[in-house]
Structure formats: structure tokens, C-alpha cells
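Thank you for sending this one over for comment. Please read the remarks below with the structure open beside you.

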Amino acid sequence: MYVIACLCAAAVPLAHAADKAPAAPAAPPPAPTEPKPYTETIPGTKITFDMVYLPGGKFLMGSPAKDKARGKDEGPQHEVSVKPFWMSKNEVSWDEYAVYTAEGTKKLLAGDDIEGGGPDAISYPTPPYADETFGYGKNKQPAIAVTWHAAISYTRWLAHKTKTLYRIPSEAEWEYACRAGTDTAYSFGDNPKTLGDFAWFAGNSGKKPHAIGGKKPNPFGLNDMHGNVAEWTIDQYDAGAYAKAKADELPVVLPGNRRFPHVARGGGWNDKPALLRCAARRLSEKWWSKQDPQNPQSIWWHTEATNVGFRLLRPVDEYPALKGLKSQMKPESPY
């Protein structure tokens with residue numbers, strides 16, 4: 001039932017009523033603004049990184065049975081719905097990661113406990129016992145050979161610094177970002193013959209990683225989603241995870257305290273085309289730290305995973321299951 005309010009003209013002298021200008025129409029409410037891409041600066045530095053906005057949507061996760069390169073753990077295909085988020089345009093570079101390691105070294109020299117002192121403490125990497133770049137250099141090179149634990153811890157540190165929630169993507173979010181609305185093996189189609197336009201891999205890398213952003217981006221504007229370095233995701237590896245996925249839930253396998261295995265996506269500079277497909281999954285393994293002479297071996301650095309790095313994600317609306325996400329890994333954690 002609507003109530004209509006009336007103003008009685010007889011109650012107002014006609015001369016005065018005629019002098020009054022008609023009321024201006026009410027301004028319409030402002031249109032909602034869609035989140036935009038932006039550039040973040042790490043506080044206290046001139047180091048920046050770019051974030052690209054990705055609208056939410058649905059997609060088929062995994063690879064079809066007709067894909068000859070399909071791994072046994074890439075099916076069954078299942079529909080997944082993801083919320084909108086921002087993702088870093090590039091893989092995290094040494095420029096960015098070095099700010100984190102330098103702060104940790106400063107704390108170590110000051111006698112602080114860089115492994116953290118409580119459940120909400122920010123943890124810092126122990127200094128590597130050798131050149132962490134493996135001779136490939138820093139600057140715009142992607143940070144490599146960092147463990148899953150290190151990637152998770154870096155994002156917590158970055159969130160603390162910027163007062164903005166950053167983390168690494170789940171497998172589902174990563175694949176959605178890589179596909180960028182496509183349903184082909186790669187974001188540019190099914191034919192790997194054009195892979196060299198979009199990726200550094202075994203066929204063109206010269207046996208080394210390359211500076212971030214040197215190839216064509218995918219349709220979402222993200223660089224190096226195929227190749228250069230494989231990228232960590234949140235998920236603990238489960239070969240049968242897709243068969244357990246439920247509709248309307250983000251399919252993420254939350255990790256425990258074990259060092260291995262976790263999932264890396266996208267393939268790296270020394271991989272063949274099959275491992276660079278959108279659906280290809282790679283599990284981390286103990287041999288990734290084979291040459292680490294420490295006992296226990298480092299939870300921060302790998303000695304063999306020179307083709308593994310990571311990129312950032314910022315959720316628009318975080319999933320309840322991922323709120324407060326942090327690594328449970330410790331030096332004494334089981335393999």
C-alpha cells in the first residue's frame with residue numbers, strides 16, 4: 001500500500017507560491033563502480049607491481065578426455081564458479097621478494113626470532129646458504145626456488161605491509177585466470193606451435209628463466225601464465241580431488257603441516273609444452289631439495305626447483321575457508 005502525501009496550495013498565499021522556483025529533481029544514486037586494475041607500491045620502497053581485475057564466473061576445470069596430453073589427475077572435468085579477484089599481472093620478481101628477505105636479515109642481525117614468535121607473527125626466510133638466484137640474476141627476474149611455505153609467508157608479510165589482503169591463488173582460481181574465458185588447452189588455442197609467442201619453455205628459453213612480462217599476455221592481460229616459472233597454488237596435492245568436487249563450492253584442498261606435496265601450475269622454462277597447458281598439474285616432491293645439506297632441510301628454499309615461483313591474488317570477497325590462511329609448516333614438519 002502506498003501513502004501519497006499532498007501539500008495544500010490554499011495554505012500558501014498565491015503570490016508567494018508563484019515566486020518559488022520548482023524543486024530540482026533528486027539526483028540519481030551513483031552507479032556502482034567496477035573494481036579497476038591498479039599499481040601497488042611496497043611501503044618504504046619504490047618497488048611496485050601491477051594488479052589486474054578479473055570478474056568472477058564459471059568455467060570447466062580440468063581437461064577433456066580427448067586431450068592426448070591429459071594427465072590422470074586432470075579429470076573429471078567439472079564446473080566451478082569463482083568470485084571476482086585481482087591477480088598480479090606478472091610473477092613475483094626478485095625486486096619484490098628481496099625487500100622481504102632484506103627485512104628478515106635485518107631482524108636476524110638484531111637478534112630477533114625470524115621464524116616468528118606466535119600464531120600471528122610474521123615469519124621471515126632464513127638466509128640461503130648459496131646464491132638464491134642460481135646465477136640467473138635478480139632485478140626483473142622471477143623469484144625462483146622459493147618453497148610453498150615461503151610463498152605463503154611472503155603474501156602474509158605483504159598483506160601486513162600494505163594493509164591489503166594478498167595471498168596466492170587456489171588451483172581453481174589459477175586455472176580460471178589462465179584460461180581467461182577460453183576452453184582450449186592453452187589460453188591461445190590448442191596448437192602448441194605458437195607457444196613461443198606467449199611463453200618461455202624448453203623450446204626457446206636457452207635453459208634459463210627470463211625477465212617477467214617478456215611475452216604476449218593472455219586474454220585477461222596476465223603475463224607468463226604459461227611457462228617461465230611454474231606457480232604455487234594454495235592446494236595440497238590430491239590426485240583424486242576433482243572427483244570429490246562439489247557444485248557451488250570453491251574446490252580447494254586445504255594444506256596441513258606436511259612439506260610435500262603441494263600444487264604448482266603453468267609449467268616452467270625447462271618444461272615441454274604439455275606441462276604448460278591450462279589444466280596441467282604438478283606436485284612438489286622431496287627431491288626438489290635434494291642438494292640441501294642442512295638437517296632438517298630448509299622450509300624456505302629449494303635447491304632443484306629453479307623453475308618454480310609464484311604470483312599474487314587479492315580477493316574482492318574472501319572465502320570463509322581461506323580467511324586467516326597461513327602456513328602450518330615448521331622446520332620439524334614431516335615430509
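The points below take up the cysteines, the internal cavities and one of the sheets.

1. A word on the material itself: this is a predicted model, and the remarks that follow should be read as descriptions of that model.

2. On the cysteines, the count of disulfides comes to zero. The pair to look at is Cys178 and Cys278, since Cys178 is in no disulfide although the sulfur of Cys278, its nearest cysteine sulfur, is 3.5 Å away. Seen from the other partner, the closest cysteine sulfur to that of Cys278 is the one in Cys178, and because the separation is 3.5 Å, it is too far for a bond. For a disulfide, the two sulfur atoms would have to lie within 2.5 Å.

3. Are these two cysteines buried or exposed? Cys178 has a relative accessible area of 0% and is buried, and Cys278 likewise counts as buried, at 0% relative accessibility. The cut-off behind that word is a relative accessible area under 20%.

4. Turning to internal space, the model holds three cavities of 30 Å³ or more, and the largest cavity has a volume of about 80 Å³. Its lining consists of 13 residues, of which Thr147, Arg259, Phe260, His302 and Met329 are the closest to the centre of the cavity. By character, the lining of the largest cavity divides into six nonpolar residues, six polar residues and one charged residue.

5. A four-stranded sheet deserves a look as well: it is open, its strands follow the order S1-S2-S5-S10, and the pairing is antiparallel. Strand S1 (38-41) and strand S10 (313-315) stand at the edges, and because each has a single partner strand, one side of each is left without a neighbour in the sheet. From one strand to the next, the twist averages 30°.

6. At the S1 edge, which residues face each other across the strands? S1 and strand S2 (residues 48-54) run antiparallel and are joined by four bridges; Thr41 has Thr48 as its bridge partner in S2, while Thr39 stands opposite Asp50 in S2. The two faces of S1 can be told apart, with Tyr38 and Glu40 on the covered face, and Thr39 and Thr41 on the uncovered one.

7. Finally, the connection between these two strands can be checked in the hairpin of S1 and S2, where six residues lie between the strands and Gly44 takes a positive phi near 85°.

Terms used:
Residues are numbered from 1 along each chain as its sequence is written. This is a predicted model: local features need pLDDT of at least 70, side-chain atom pairs count only at pLDDT 80 or more; totals for chains, interfaces and linings use all residues. Side-chain values use heavy atoms; hydrogens and water are left out. On a 1 Å grid over the protein atoms alone, a cavity is a set of points where a 1.4 Å probe fits but cannot get out, and a pocket is an open set with protein on both sides within 12 Å along at least five of seven lines; lining residues have an atom within 4 Å of a point. Grid points are joined across faces, edges and corners, and a volume is the space filled by probe spheres set on the points. Ala, Val, Leu, Ile, Met, Phe, Trp, Tyr, Cys and Pro count as nonpolar, Asp, Glu, Lys and Arg as charged, and the others, Gly among them, as polar. Buried means under 20% relative accessible area, exposed over 50%, partly exposed in between (1.4 Å probe, protein chains only). Two strands pair if DSSP finds at least two bridges between them. Axes are lines fitted to C-alpha atoms, for helices over the stretch in contact, and angles run from 0 to 180 degrees between N-to-C directions.
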